[in-house]
Amino acid sequence: HESAIKDGNFTIHIENGFPLSGDLKLYFLDAGGSVLEGLVSTGTILPAPISGPMATTKAYSKMAYHVSDTQLNNILRSKKLVFKVKFSTQPPAPGDFIKIFSEYEIDFKLVGEFDYHVH
C-alpha cells in the first residue's frame with residue numbers, strides 16, 4: 001500500500017550552549033535497533049561563543065535534510081530516532097583548552113514538511 005505522504009524535508013533547529021562545533025547525523029531505527037535510514041547534514045552546528053572563562057549564550061544553527069519517497073518509506077516504518085553528533089573544538093589560542101561546564105545544554109527541535117496527497 002502506497003503512502004499518501006510524499007517526499008519532503010526535515011529541518012532541525014539547534015540552540016547550542018556548548019563552545020563546540022558539530023556534525024549531525026539522524027538515524028531512524030526499527031523496534032530491534034537496526035538502522036532503516038540515515039540522514040547526514042551538509043551544514044555544521046555552530047559553537048556557542050566564549051566570553052571570559054565560559055560560554056554564556058547559545059548559538060543558533062539550522063540543518064535541512066531532503067527526504068525522497070524511498071527514504072520516507074523507511075522512516076515511516078521506523079520506531080526510534082537517534083541523533084548522533086560529532087563535536088570538535090576550536091581553542092581560542094594554540095595550547096589553550098576548552099572547559100566543559102555542567103551548565104551547558106543543547107536543544108534540538110525537529111520539524112517536518114511533506115507533501116500529502118489526497119486520493
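This is a short walk through the structure above, which is a predicted model.

Let me start with the sheets. One open sheet has 3 strands, in the order β3-β2-β7, with antiparallel pairing. The edge strands there are β3 and β7, and each pairs on one side only. Neighbouring strands in this sheet are turned by 20 degrees against each other on average, ignoring direction.

Now the pairings inside that sheet. Strand β2 covers residues 21-29, and 9 bridges join it to β7, residues 80-88. The two run antiparallel. For a landmark, take Leu24, which stands opposite Val85 in β7. On the other side, β2 is joined to β3, residues 35-40, by 5 bridges, again antiparallel. Here the landmark is Tyr27, opposite Gly38 in β3. β2 and β3 form a hairpin, with 5 residues between them. Look at Gly33 in that turn: its phi is positive, about 95 degrees.

Next sheet. This is also an open sheet of 3 strands, ordered β6-β1-β8, and the pairing is antiparallel. β6 and β8 have a single partner strand each, so one side of each is left without a neighbour in the sheet. On average, neighbouring strands here are turned by 15 degrees against each other, direction ignored. Between β1 and β8 there are 10 bridges, in the antiparallel sense. If you want one pair to click on, Phe10 has Gly112 in β8 as its bridge partner.

On to the helix. α1 spans residues 69-77. It lies across β2 and β3, and it runs at about 125 degrees to β3. α1 also lies across β1, β6 and β8, at about 70 degrees to β1. So much for placement.

Which residues of α1 are buried? They are Gln71, Leu72, Asn74 and Ile75. Down the helix axis, the buried residues fall within an arc of 160 degrees, so they line one face of α1. Thr70 and Arg77, on the other side of α1, are exposed. And what covers the buried residues? The cover includes β1 (5-16), β2, β3, β6 (59-67) and β8 (106-116).

Stay with Gln71 for a moment. It sits in helix α1, and it is buried. Its side chain reaches the backbone nitrogen of Ser68 at 2.9 Å. Beyond its neighbours within four places in sequence, Gln71 is in contact with Glu37, Gly38, Leu39 and His66.

Now the cores. A general point first: nonpolar side chains tend to be buried together in soluble globular proteins. In this model, the largest nonpolar core has 13 residues. Those with the most contacts inside it are Phe10, Ile12, Leu24, Leu39, Met63 and Tyr65. At least two residues of this core come from each of β1, β2, β6 and α1. Apart from it lies another core, of 6 residues, including Phe18, Leu20, Ala48 and Tyr104.

What does Tyr65 touch, leaving aside its neighbours within four places in sequence? The list is Gly8, Asn9, Phe10, Ile12, Leu24, Leu26, Leu39, Val40 and Ser41.

That last name deserves a stop. Ser41 is in the loop between β3 and β4. Why does it count as buried? Because its relative accessibility is 13%, and the cut-off for buried is under 20%. With residues up to four places away left out, Ser41 touches Leu24, Met63 and Tyr65. Those three are among the residues with the most contacts inside the largest core. There are polar contacts too. The Ser41 side chain reaches the backbone oxygen of Leu24 at 3.2 Å. A polar atom of that side chain also lies 3.3 Å from the backbone oxygen of Gly43.

One last residue, Gly52. Where is it? In the loop between β4 (50-51) and β5 (54-55). Is Gly52 buried or exposed? Exposed, because its relative accessible area is 61%, against a cut-off of over 50%. Now compare it with Ser34. Gly52 and Ser34 are 18 residues apart in sequence, and 44 Å apart in space, C-alpha to C-alpha.

Note on methods:
Residues numbered from 1 in each chain as written. Predicted model: local features only at pLDDT ≥ 70, side-chain atom pairs only at ≥ 80, totals over all residues. Heavy atoms only, no water. Pairing = 2+ DSSP bridges. Helix = DSSP H or I, 4+ residues; strand = E, 2+ residues; numbered from the N terminus. Axes fitted to C-alpha atoms, helices over the stretch in contact; angles between N-to-C directions. Contact = heavy atoms within 4.5 Å. Polar contact = N/O pair within 3.5 Å; in protein donor to acceptor, adjacent residues only side chain to side chain. Buried < 20%, exposed > 50% of the residue type's maximum accessible area, 1.4 Å probe, protein only. Arc of directions from axis to C-beta. Core = buried A, V, L, I, M, F, W, Y, C linked by side-chain atoms within 4.5 Å.
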